[in-house]
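Grab a pencil and work through these exercises at your own pace. Try each task before you read its solution.

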Amino acid sequence: MREHNPDIQGVLDNDLCIACGACVSACPYDFIEHNFHEYRGSNEVRFIETADCSGCPAPCTRVCPSIDINFAEINLQNRGTPERDGWIKQTYIGYSPEFQSDGKSSSGGILRALSHYALSTGTPVLTLMKSNDDTIEYRPKLVRTESDLKQMPGSVYHSTSFIGAIEILRESENACAIVGIPCQLAGIHNYITYIEPELSNKIKLTFGIVCGWMYSYHAHESFMSHKKLEIRPTDISYRGDDKVGLLKLSTGSGVLKFDRRNFGSKAEKLDYQSAYSTDSNRLRCRLCEDHTNLLADVIAGDAWLARTQGQKVSIIGVRSDKGQKVVDEMASKGLLLLEAGSIDDFVESQSENLIYGITAQKMKRWFGQRGIRTPAYHFADKGPEIETSAVDGFSFYLETLRRHVLRTGKYRTFWWLYLMKRLWIFTSRVPRLALAKLKRSLAR
Ligand SMILES: Cc1cc2nc3c(=O)[nH]c(=O)nc-3n(C[C@H](O)[C@H](O)[C@H](O)COP(=O)(O)OP(=O)(O)OC[C@H]3O[C@@H](n4cnc5c(N)ncnc54)[C@H](O)[C@@H]3O)c2cc1C
């Protein structure tokens, strides 16, 4: 009987593959290929039918960032072992005067500005690009010209595939700058460290996206089903215009806009919220502890701070000397307008949960107790051990149930489950807060 590598198969069976492409490049027999999984509504890999992995030393297992990431080993600049906050040297709040308001950039246009700057210095940029105009698919591409750079997307929040990025690096004559989300950079770094170290010469800079999670295709499918829209979107933007939270579905005949703050009725708002809740994202993302992209030289996220409310600005972190050099040069030329920030700004902007991966740690413990595979992250200091309560367990159970209902296309049931969750959170939080208040006043 043919055997598939059980580790990679385990990643696939547990919705942990993010299609970074590391295993595809590592497989000596070309047994692994790209796949769009209908049930999970996402890009991942699969074994070809004739694959038989018996006897193979399994380089695929070594490189998969959904199995194991050792940040101290795979950072290509030998930055040492990361602390809980990573290697953040400097933090800024700022924007690019050229790209902030170009209608595509999600926040300050920082990544786009960094990419343009890299190209202006002769460094090609490896980034995601639309496969063709009629689909919402994106693929990695090496951008060498200004006109190609203009096609760079804003943030693509639905599942994408970075498969092929390693081959592009290998074939490139020049060292490149890579723009990517944390798991994509982790896959590339794992592959280079353990399989093809010579390729490290092909990476000049890494521009990292702060990433909370990626949606499966079920998010927009579910929303469209609620709205009874029988269209296939040719593009989706959850951001990009001047407003945060403006969902734009482009079709052959126009663009439909839905503003999450401005729905006609409560039921409509609920449609939107249930479709884009954390229950419809990738399970891998719920288990991620690297939301701030530890492996990048410069990172950018949304500056959601009390003091920047209403402004379209980014929070920026510099993790390496070469990243600092680029940011300093750009700031001195007026290409980036920056003010100093702090780690506390990152926490305020992204929440402690995302910065330190608290839900991920809890969920991993809960899954681990049930023998379910989760990615292993190695940090120097993982912070305090986080207990998983019975309430957390119940909530994770409900979450996996809701996810399954959504995947099977039972959107109306999913909608009800979402509503019940909201009501449950509300009803459990109100007595909890009241009890805490009572305890505080008794202690005084
Ligand atoms: C899936 C996802 C989740 C995110 N979650 C958060 C979050 O929780 N908190 C937060 O603060 N910020 C988050 N962001 C980041 C945020 O939306 C902006 O992308 C970031 O602040 C950069 O904005 P910008 O205006 O500088 O870049 P932009 O001008 O918008 O450029 C972004 C560039 O990143 C690249 N890119 C876009 N999407 C992808 C993708 N899926 N994979 C690889 N490369 C891509 C493209 O090259 C694009 O040109 C997320 C982004 C993505 C893609």
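Below are five exercises, each with a worked solution.

**Before you start**

This is a predicted model, where local features need pLDDT of at least 70, side-chain atom pairs count only at pLDDT 80 or more, and totals for chains, interfaces and linings use all residues. Residues are numbered from 1 along each chain as its sequence is written, and side-chain values use heavy atoms, with hydrogens and water left out.

**Exercise 1. Work out how strand β7 sits in the structure and which strands it pairs with.**

Step 1: Find the strand. β7 covers residues 176–180; helices (H or I, at least four residues) and strands (E, at least two) are DSSP runs, numbered from the N terminus.

Step 2: Check burial, where buried means under 20% relative accessible area, exposed over 50%, and partly exposed in between (1.4 Å probe, protein chains only). Five of the five residues of β7 are buried, so the strand is largely enclosed by the rest of the structure.

Step 3: Look at the two faces. Cys176, Ile178 and Gly180 point one way, Ala177 and Val179 the other way, and all are buried.

Step 4: Look for partners; two strands pair if DSSP finds at least two bridges between them. Strand β5 (residues 125–130) runs parallel to β7 and is joined to it by two bridges, with leucine 126 standing opposite isoleucine 178. Strand β8 (residues 203–209) is also parallel to β7, with five bridges, and there isoleucine 203 is the bridge partner of cysteine 176.

Step 5: Follow the chain. From β7 it passes through helix α8 (residues 182–194) to β8 in a right-handed β-α-β crossover. Right-handed means that, with the strands pointing away from the viewer, the path from the first strand over the helix to the second runs clockwise.

**Exercise 2. Describe how domain 1 and domain 2 meet.**

Step 1: Set the bounds, which come from an automatic or database domain assignment. Domain 1 is 6–69, and domain 2 is 70–214 + 283–358.

Step 2: Get the spacing. The C-alpha centres of the two domains lie 24 Å apart.

Step 3: Count contacts (heavy atoms within 4.5 Å). Here 25 residues of domain 1 touch 23 residues of domain 2.

Step 4: Take the buried area, meaning the accessible area (1.4 Å probe) that two parts lose on being put together, summed over both. For this pair it is about 2000 Å², with 63% on carbon and sulfur atoms. On the domain 1 side, Ile18, Ser25 and Ile69 lose the most area, together 32% of what that side buries.

Step 5: Look for charge pairs. A salt bridge is a side-chain nitrogen of Lys or Arg within 4 Å of a carboxyl oxygen of Asp or Glu, and the count between the two domains is one.

**Exercise 3. Which distant parts of the chain does the salt bridge between aspartate 321 and lysine 89 tie together?**

Step 1: Check the gap. The N to O distance is 2.9 Å.

Step 2: Place both ends. Aspartate 321 is in helix α12 (residues 321–332) and lysine 89 in the loop between α4 (71–74) and β4 (90–95), so the pair ties together parts that are 232 residues apart in sequence.

Step 3: Compare accessibility. Aspartate 321 is exposed at 57%, while lysine 89 is partly exposed at 45%.

**Exercise 4. Find out whether these salt-bridge partners are buried or exposed: aspartate 15 with arginine 40, then aspartate 279 with arginine 402.**

Step 1: Start with aspartate 15 and arginine 40, whose closest N and O atoms are 4.0 Å apart. Aspartate 15 lies in the loop between α1 (6–13) and α2 (22–26) and arginine 40 in the loop between β1 (32–37) and β2 (42–47), so they tie together parts 25 residues apart in sequence. Both residues are buried.

Step 2: Widen the view. Asp15, Arg40, Glu44 and Arg282 are linked in a network of salt bridges.

Step 3: Move to aspartate 279 and arginine 402, with closest N and O atoms 2.8 Å apart. Aspartate 279 is buried at 0% relative accessibility, and arginine 402 is buried at 1%.

**Exercise 5. Locate serine 216 and list its contacts.**

Step 1: Serine 216 sits in the loop between β8 and α9 (218–226).

Step 2: Its relative accessible area is 0%, so serine 216 is buried.

Step 3: Leaving aside neighbours within four places in sequence, serine 216 is in contact with Arg40, Gly41, Ser280, Asn281, Arg282 and Arg407.
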